[in-house]
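Here are three short exercises to work through with the structure open beside you. Try each one before reading its solution.

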Amino acid sequence: MNTPPFGVMLVNLGTPEAPQASAVRAYLKEFLWDRRVVDVPRLIWWPILNGVILRIRPAKVAKAYASIWQDGGSPLMVYSKAQRKALEAALKDSFGCDIPVALAMTYGKPTMEEAGQALRAAGAENIFLLPMYPQNSSSTTAAVIDRYAKALKPCPHVPSTRWINGYHTHPLYIGALKASVEEYWSRFGRGDRLLMSFHGVPERYERKGDPYPRQCRETAAALAAALNLDDDQWLCAFQSRFGREEWVKPYTDETLKAWGSAGLERVDVISPAFAADCLETLEEIDVENREIFNEAGGQEYHYIPCLNDRPDHIELLVDLVRSNTGGWV
């Protein structure tokens with residue numbers, strides 16, 4: 001077997017193994033216990049998580065997952081597997097040799113330990129860690145690095161490792177988003193406004209220096225410029241808040257409610273922070289927020305899918321790998 005110059009670990013957030021309350025509970029327990037995700041002191045957070053959230057939310061979340069579950073698993077898993085397969089084939093074409101690509105999740109399966117073992121079995125001594133987060137946040141990208149370091153603790157042979165912190169204005173990323181919007185518009189027409197909705201974080205994260213909200217706004221501005229949109233034709237907003245504290249604004253749901261009440265006939269919505277469609281895009285954005293807009297008086301609501309395994313998205317990933325693995329080939 002020819003030894004590959006390096007291997008790629010493709011990392012996304014994670015997913016329950018089944019659309020059932022027990023599987024969702026196990027996933028949420030791992031996800032929500034991470035200090036990167038919820039930084040509330042443990043003595044306060046433990047009874048809230050175990051005494052309230054994990055008793056109430058799993059059944060509700062499982063029902064939402066069941067509504068979007070596919071034959072191959074959750075949409076995030078299905079699209080992530082497709083991305084892994086497409087990236088491995090594209091890297092072989094680009095480098096002229098086999099570059100193994102392993103899929104890992106920060107929470108749930110496949111674990112980073114499993115992905116690392118697969119890369120080691122393929123002969124990779126160097127690993128390029130590729131978090132699938134265009135914008136860098138302490139709750140996502142940093143959580144990947146933490147989890148990877150934890151996976152290495154029992155490893156007697158620590159591989160050389162490189163990673164990136166994001167690619168929020170990379171020309172190929174913005175170009176792929178632009179192409180996806182224009183292709184959608186060519187098929188289904190164009191709305192009155194384009195709402196770019198990103199996963200939210202508490203305002204205090206930004207005050208403490210988390211670059212994520214700023215990078216989301218920069219992504220949105222770059223995409224708007226690429227599409228030649230006027231200032232009144234687009235907006236950057238933030239979704240998925242919970243708890244009582246203030247999160248970065250404007251809020252996606254309140255924006256859609258206001259637009260519907262104001263008589264906006266059609267809105268197009270895209271979620272550029274997600275590299276693959278998942279529960280938040282397919283259920284929260286495409287279902288829940290559609291209802292908010294329509295019930296407020298809006299007429300047409302169009303969700304533009306994530307980049308998933310589009311060829312131009314895979315081209316971006318190849319460029320990220322190639323530009324960050326110099327000297328390994």
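Two strands count as paired if DSSP finds at least two bridges between them. Keep in mind that this model is predicted.

**Exercise 1.** In which sense do strands β1 and β2 pair, and which residue in β2 stands opposite N12?

*Solution.* Start with the extents: β1 covers residues 7–14, and β2 covers residues 101–107. The two strands pair in the parallel sense over six bridges. Within β2, the residue opposite N12 is M105. Now check the burial of β2: seven of its seven residues are buried.

**Exercise 2.** Find which residues touch the most other members of the largest nonpolar core.

*Solution.* This core has 87 residues, and V8 and L130 touch the most other members. Helix α2 (residues 42–68) supplies the largest share, nine residues. Next, list the contacts of V8, leaving aside its neighbours within four places in sequence: among them are L87, L91, I99, V101, F128, L130 and V321. Finally, look for a second, separate core; that one has 16 residues, including M112, I127, V144 and L152.

**Exercise 3.** How many disulfides does a search of the whole structure find, and why is C216 not bonded to C236?

*Solution.* The search finds zero disulfides. Take C216: its closest cysteine sulfur is that of C236, at 6.1 Å, and they do not bond because this is too far. The cut-off for a disulfide is a pair of cysteine sulfur atoms within 2.5 Å. As for burial, C216 is buried with a relative accessible area of 0%, and C236 is buried with a value of 9%.

Conventions: Residues are numbered from 1 along each chain as its sequence is written. This is a predicted model: local features need pLDDT of at least 70, side-chain atom pairs count only at pLDDT 80 or more; totals for chains, interfaces and linings use all residues. Side-chain values use heavy atoms; hydrogens and water are left out. A nonpolar core is a set of buried Ala, Val, Leu, Ile, Met, Phe, Trp, Tyr and Cys residues joined through side-chain atoms within 4.5 Å. Buried means under 20% relative accessible area, exposed over 50%, partly exposed in between (1.4 Å probe, protein chains only). Helices (H or I, at least four residues) and strands (E, at least two) are DSSP runs, numbered from the N terminus. Contact means heavy atoms within 4.5 Å.
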